[in-house]
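Work through the following exercises with the sequence and the coordinates at hand. Each task is followed by a solution in steps.

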Amino acid sequence: MEQTYIEIVNARENNLKNVSLQIPKGKLTVFAGVSGSGKSSIVFDTVAQEAGRQLNETYSSFVRTFLPKYRRPEADAIHNLSTAIVVDQKRFGGNARSTLGTATDINSLLRLLFSRFATPSIGYGNAYSFNDPSGMCLQCEGIGKIITLNIDTTLNKEKSLNDGAILLPGFGVGTWQWKAYAESGFFDNDKKIQDYTEQELHQLMYAEPQKVTVTYQNSEINATYEGIAVKFMRQNVKTDKDTTKAAASKLEQFTTMCSCPTCDGKRYNEQVLSSKILGHSIYDMTAMQLDELMAVLQKIEEPLAKELVVGITERLQSLCDIGLGYMTLTREMPTLSGGESQRVKMVKYLSSNLTGLIYIFDEPSTGLHPHDVYRLNDLLIKLRDKGNTVLVVEHDPDVIQIADHVIDVGPAAGSHGGQIMFSGSYEELLKADTLTAQYLKSEATIKANPRPATEFLESDKSTLHNLKNVSLRVPTGVLTAVTGVAGSGKSTLVHEVFAKKYPEAIRIDQSAVHANSRSNPLTYTGVMNSIRKAFSDANGVDAGLFSYNSTGGCESCGGTGTVELNLSFMDKAEVVCTQCNGTRYKQEVLQYTYKDKNIVDVMDMTVAEAVEFFEAKDIKRKLTSLNTVGLSYLTLGQPLNTLSGGECQRLKLAKEMSTKGNLYILDEPTTGLHMSDVATILNIMNTLVDKGNTVIVIEHNLDVIRHSDWIIDMGPEGGIGGGEILYEGPPANIINCERSITAKHLTAIS
Ligand code: ADP
Ligand code: ADP
Ligand code: ZN
Ligand code: ZN
């Protein structure tokens, strides 16, 4: 008999209040609910954790040492699991050798195609790989980039050689390396570098080794002269890898990456580049947008190539289907955004033929314009129809709508959440009385009186990536939303062009806060110092005692609260430190109290409780800013590495709100937020503007777009078909912009 439900009995992970639940197998289930309500605690910390653990149990303990570690989740029982695959937004690590083409294996199919059908053919498939010596450009070893000396940081152009114009270490005035230039006879040693002719500058930096005669201690001696950059490259770059790395980090400020002059950044050697199909080299094909490449492949008429072409096209098609048609196969994996990374992973799984799996997604709509959400929906449905169980944590109404089953977690966040408010079909949800249902039914409004735009900040015009010689022109003192489909150029224009000109802008994105298990909301916002002082003043002892990272830390676990057990023949395990019971503090510290609470009691308080508890103004103010961004439910001691991306972003927001900036750039701040939390974020941004700041937000959330003062819409499409500014102005008028896809979605509802 097939089991039709995953059954969870009394789950208690994090904030879950004995949650018992049935999740239909072979269906698409969406988990909704406010941020911090417990969705991830159910899906990732309970279901995925137990599925991983059960799978690991099937291996010998020897094999298990190599597998990721899973612990048994806090729950009475979990039945009917199958293998779970978590498709998350972690970006791809990896290096410059890993591109979209290598990661999706499309490059290896292209190599096969070239080895058989290109002219002139140059042999086996490996010859067409930039990661293989037979195919790579030998100067850059297949990286396409080389390190060179950065002339701008190497020379102080306002100085002469005698004044110490050469800033490289070891080239100080009077040193023998300096003499090699100053006494070469090529230069006027009192002439400022900025007055050098082009020839002189070339002689100083790039001259190839040549014999010269120099005067040394009154005698003439023969020496070799070479430009500073040439010498630098010889000494620091063309040595073995480890020394290069060490030298590179020490001399980093003096170097810069530039496109390899031999292959022109193409990574391949000349032979590979001259071997072509229909006039295109393998590089040419990988440098095309995926949608263009598909069109080119269709033109290959050779019957024997058909099968390969079909295989390649299928893979390209699924990348295009998920809205990635604007990318190229040359794109380096570490440069993909979180949302793009997740979509690439998704395509990889779709092409697998395994069935009966549980796929778990974390807000797959992140980074997707409403226009592209339907494509995501198609993929989720395809995965389900292959016979899998698909679990999705998602806030987007358009995704919730296609669910076979919705589980609404709530009612609020943290200790006020952790319960199942609703479990059933979408139609039934609309009749239920939950926060999610309420928002799904509410009507959209557009901002009635946008703040007027009077003065502007303007970036330089740019053609970076896909930009069509455009500048970003942002009105000051208002809230501006930058919109457009994925790949249209928003990040490029805002982060790489505008923010380069205005580096003083405070940028708040979703990248993890630099956090480890030793940092918490208090250490991050700087409140911890004030709290330690409060304890130290009240007790007349050293403030360091109240830090677990300092003298107050438990000696047994070093203030981490856990110790690693390493028993031979058994798995390594992290267990709670028995000395401090996981509190991280030394026993003796606990005798000191402030208003009858010891430091561990304080660490257990929620932000909301602590705001009431402390009297010092600076503590109250900083904690209140955590409240304002909707993080009142966090406990003060919660390690920052347990926070979600959305929580991290709001934490940064809370910290930066109290620093005085006047230009803020936010990148999809609604990620991880329930529809009801979006109002909170809008309030925060409006408060910042009311204080006289200029706020720029990159957003797909229609409510944020409707309620901004000014919209800058990019497009019309992603990649080459984008990079233009289609509309700039207040929200109400965008509906007249016919080319804007964003406009269609704004008008569809209001
Ligand atoms: P959601 O996915 O609905 O946003 P989570 O399941 O991530 O919510 O979080 C539920 C609650 O549990 C929140 O208060 C969160 O801060 C807390 N929490 C999550 N992970 C941990 C952890 N590792 N340790 C302590 N608290 C946690
Ligand atoms: P958006 O922010 O609107 O999603 P992006 O600015 O990220 O768009 O991308 C615009 C275009 O620039 C796309 O074609 C994308 O593939 C390309 N692009 C973005 N980042 C890079 C990069 N680091 N290297 C090469 N191309 C890039
Ligand atoms: Zn090269
Ligand atoms: Zn301890």
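**Exercise 1. State whether Leu726 is buried or exposed, and describe its surroundings.**

Step 1. Count the C-beta atoms around the residue: Leu726 has 22 others within 10 Å. The cut-off for a buried residue is 20 or more, so Leu726 is buried.
Step 2. Place the residue in the secondary structure: Leu726 belongs to strand 23 (residues 724-729).
Step 3. List its contacts, leaving out neighbours within four places in sequence: Leu726 meets Asp713, Met714, Gly715 and Pro716, and also Cys737, Arg739 and Ser740.
Step 4. Take a distance across the model, which is predicted: 59 Å separate the C-alpha atoms of Leu726 and Tyr594, which lie 132 residues apart along the chain.

**Exercise 2. Carry out the analysis for Thr694: which strand holds it, and which residues does it touch?**

Step 1. The residue lies in strand 21, which covers residues 694-698.
Step 2. Thr694 counts as buried because it has 23 C-beta neighbours inside 10 Å.
Step 3. Beyond residues up to four places away in sequence, Thr694 touches Leu457, Val474, Thr476, Gly477, Asn662 and Leu663.
Step 4. From Thr694 to Glu57 the C-alpha distance is 55 Å, with their positions 637 residues apart in sequence.

**Exercise 3. Determine on which side of helix 15 its buried residues lie.**

Step 1. Check the geometry: helix 15 (residues 370-385) has 16 residues and spans 23 Å from first to last C-alpha, close to the expected 22 Å.
Step 2. Pick out the buried positions, which are Pro370, Asp372, Val373, Leu376, Leu379, Leu380 and Leu383.
Step 3. These residues cover an arc of only 130 degrees around the axis, so they sit on the same side of helix 15.
Step 4. Recall the general rule: an α-helix has 3.6 residues a turn, so residues three or four places apart point the same way.
Step 5. Look just past the end of the helix, where Gly387 takes a positive phi of about 100 degrees.

**Exercise 4. Find which residues come closest to ligand 1 and to ligand 2, and describe both shells.**

Step 1. Ligand 1 is surrounded by 18 residues, with Asn14, Ser40, Ser41, Gly414 and Thr642 the closest.
Step 2. This shell holds 4 nonpolar, 13 polar and 1 charged residue. Helix 1 (residues 39-57) gives the most to it, namely 3 residues.
Step 3. Around ligand 2 there are 15 residues, of which His465, Lys490, Ser491, Thr492 and Gly719 come nearest.
Step 4. The shell of ligand 2 divides into 3 nonpolar, 10 polar and 2 charged residues.

**Exercise 5. Locate the cis peptide bonds before Pro120 and Pro411, and the positive phi values of Asp264 and Leu278.**

Step 1. Thr119 and Pro120 are joined by a cis bond with omega about -15 degrees; Pro120 is in the loop between helix 4 and strand 6.
Step 2. Gly410 and Pro411 are likewise joined by a cis bond, with omega about 0 degrees; Pro411 is in the loop between strand 12 and strand 13.
Step 3. Asp264 has a phi near 65 degrees and counts as exposed, with 12 C-beta neighbours inside 10 Å.
Step 4. Leu278 has a phi near 50 degrees and lies in the loop between helix 10 and helix 11. With 14 C-beta neighbours inside 10 Å, Leu278 counts as partly exposed.

Terms used
Residues are numbered from 1 along each chain as its sequence is written. Chains are lettered from A and ligands numbered from 1 in the order in which they are written. This is a predicted model: local features need pLDDT of at least 70, side-chain atom pairs count only at pLDDT 80 or more; totals for chains, interfaces and linings use all residues. Helices (H or I, at least four residues) and strands (E, at least two) are DSSP runs, numbered from the N terminus. Two residues are in contact if their C-beta atoms, placed from the backbone, lie within 7 Å. A residue is near a molecule or strand if its C-beta atom, placed from the backbone, lies within 6 Å of it. Ala, Val, Leu, Ile, Met, Phe, Trp, Tyr, Cys and Pro count as nonpolar, Asp, Glu, Lys and Arg as charged, and the others, Gly among them, as polar. The expected span of a helix is 1.5 Å times one less than its number of residues. The arc is that of the directions from the helix axis to the C-beta atoms.
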